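Visitor: I should like to learn how pockets and buried helices are read from a model. Could we take the case at hand step by step?

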Amino acid sequence: MKIAYVFFNGQLEGSKEFYTKLINEKKGDIYCADGGANHLEFLNILPLEIWGDLDSVTKEIIEKYRINNVTIKKFPKDKDYTDGELILQHISKLGYDKIVVIGGLGGRIDHSLTNLNLIFKFKNLMFVTEKERIFSIEKKAELTELNGKTISFVPFSEKVEGLTLEGFKYPLNKYTLHQGDSICMSNIAIEDICKVTFDTGKLMGIVLSE
């Protein structure tokens with residue numbers, strides 16, 4: 001599986017050991033958006049590329065990147081896209097099977113919500129912290145390796161129609177989930193393969209690691 005790890009300028013929620021182990025076990029290409037470079041410096045990792053207006057990263061780090069032949073793409077501060085979306089536009093064209101965003105949450109709520117919406121814009125995109133994995137659910141999806149884990153489903157559209165959940169402690173059959181409903185919070189996977197299907201709408205999945 002071809003994986004890209006992309007570091008954003010949010011909070012690095014979790015331990016250094018967790019992220020080091022994640023990247024070492026499932027090796028992939030490393031990218032960062034602007035201040036995501038600070039997280040990589042903390043983890044002692046060099047990216048392939050850094051994109052952004054570079055207002056959140058020190059000159060010392062940029063110089064270190066130049067010396068180590070990291071590709072640096074600098075943009076003006078006034079632009080139509082966030083630094084994170086700019087680099088995702090690039091990475092999404094490179095044929096990765098999975099794109100993992102690290103440091104995409106925490107801090108300002110407008111940043112976090114804007115970042116989370118990107119899972120519906122870019123295919124195979126996932127946000128990861130030490131405690132959770134966040135991703136979009138396709139209209140027909142089989143989720144594996146979840147048995148015993150807690151998972152919540154959150155509607156990101158006015159409604160999600162025809163929602164059916166199989167393999168969960170609290171199943172649903174052709175249910176209409178409205179925006180703001182909490183019925184799909186804290187479900188539990190009880191099968192090795194769990195099925196999620198729905199007819200219309202946008203649905204986010206959040207899996208707790210604990």
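Guide: Let us begin with a helix at a pocket wall. In this predicted model, H5 contributes five residues to the lining of the second largest pocket, the most that any element gives.

Visitor: Which elements give two or more residues to the lining of the second largest pocket?

Guide: They are helix H4 (83–91) and helix H5 (109–117).

Visitor: How does one find such a space, and what is the volume of the second largest pocket?

Guide: Rolling a probe the size of a water molecule over the atoms shows where empty space is left. Here the second largest pocket has a volume of about 490 Å³. Its lining comprises 26 residues, and those nearest the centre are Asn-9, Thr-82, Asp-83, Gly-84 and His-111.

Visitor: What is the make-up of the lining of the second largest pocket by class?

Guide: There are 15 polar and eight charged residues, with three nonpolar ones.

Visitor: Asp-83 was named near the centre of that pocket. Is Asp-83 buried or exposed?

Guide: The cut-off for burial is under 20% relative accessible area. Asp-83 has 13% relative accessibility and therefore counts as buried. Asp-83 belongs to helix H4. Beyond its neighbours within four places in sequence, Asp-83 has contacts with Ala-33, Asp-34, Trp-51, Gly-52 and Asp-53.

Visitor: Why is H4 described as largely enclosed by the rest of the structure?

Guide: The description holds because seven of the nine residues of H4 are buried. Besides Asp-83, the buried residues of H4 are Gly-84, Glu-85, Leu-86, Ile-87, Leu-88 and Ile-91.

Visitor: Against which elements do the buried residues of H4 pack?

Guide: They pack against E1, strand E2 (29–33), strand E3 (49–52), E5 and E6.

Visitor: Let us turn to the largest pocket. How much space lies in it, and which residues are closest to its centre?

Guide: The largest pocket holds about 1,000 Å³ of space. It is lined by 32 residues, and Lys-26, Lys-98, Met-126, Arg-133 and Phe-135 are the closest to its centre.

Visitor: Which elements each supply at least two residues of that lining?

Guide: They are strand E1 (3–7), helix H1 (16–25), strand E5 (98–102), strand E6 (125–128), strand E7 (132–137) and strand E8 (140–144). The largest share, five residues, comes from E8.

Visitor: How many residues of each class does the lining of the largest pocket have?

Guide: By class, 15 are nonpolar, 12 are charged and five are polar.

Technical notes
Residues are numbered from 1 along each chain as its sequence is written. This is a predicted model: local features need pLDDT of at least 70, side-chain atom pairs count only at pLDDT 80 or more; totals for chains, interfaces and linings use all residues. Side-chain values use heavy atoms; hydrogens and water are left out. On a 1 Å grid over the protein atoms alone, a cavity is a set of points where a 1.4 Å probe fits but cannot get out, and a pocket is an open set with protein on both sides within 12 Å along at least five of seven lines; lining residues have an atom within 4 Å of a point. Grid points are joined across faces, edges and corners, and a volume is the space filled by probe spheres set on the points. Helices (H or I, at least four residues) and strands (E, at least two) are DSSP runs, numbered from the N terminus. Ala, Val, Leu, Ile, Met, Phe, Trp, Tyr, Cys and Pro count as nonpolar, Asp, Glu, Lys and Arg as charged, and the others, Gly among them, as polar. Buried means under 20% relative accessible area, exposed over 50%, partly exposed in between (1.4 Å probe, protein chains only). Contact means heavy atoms within 4.5 Å.
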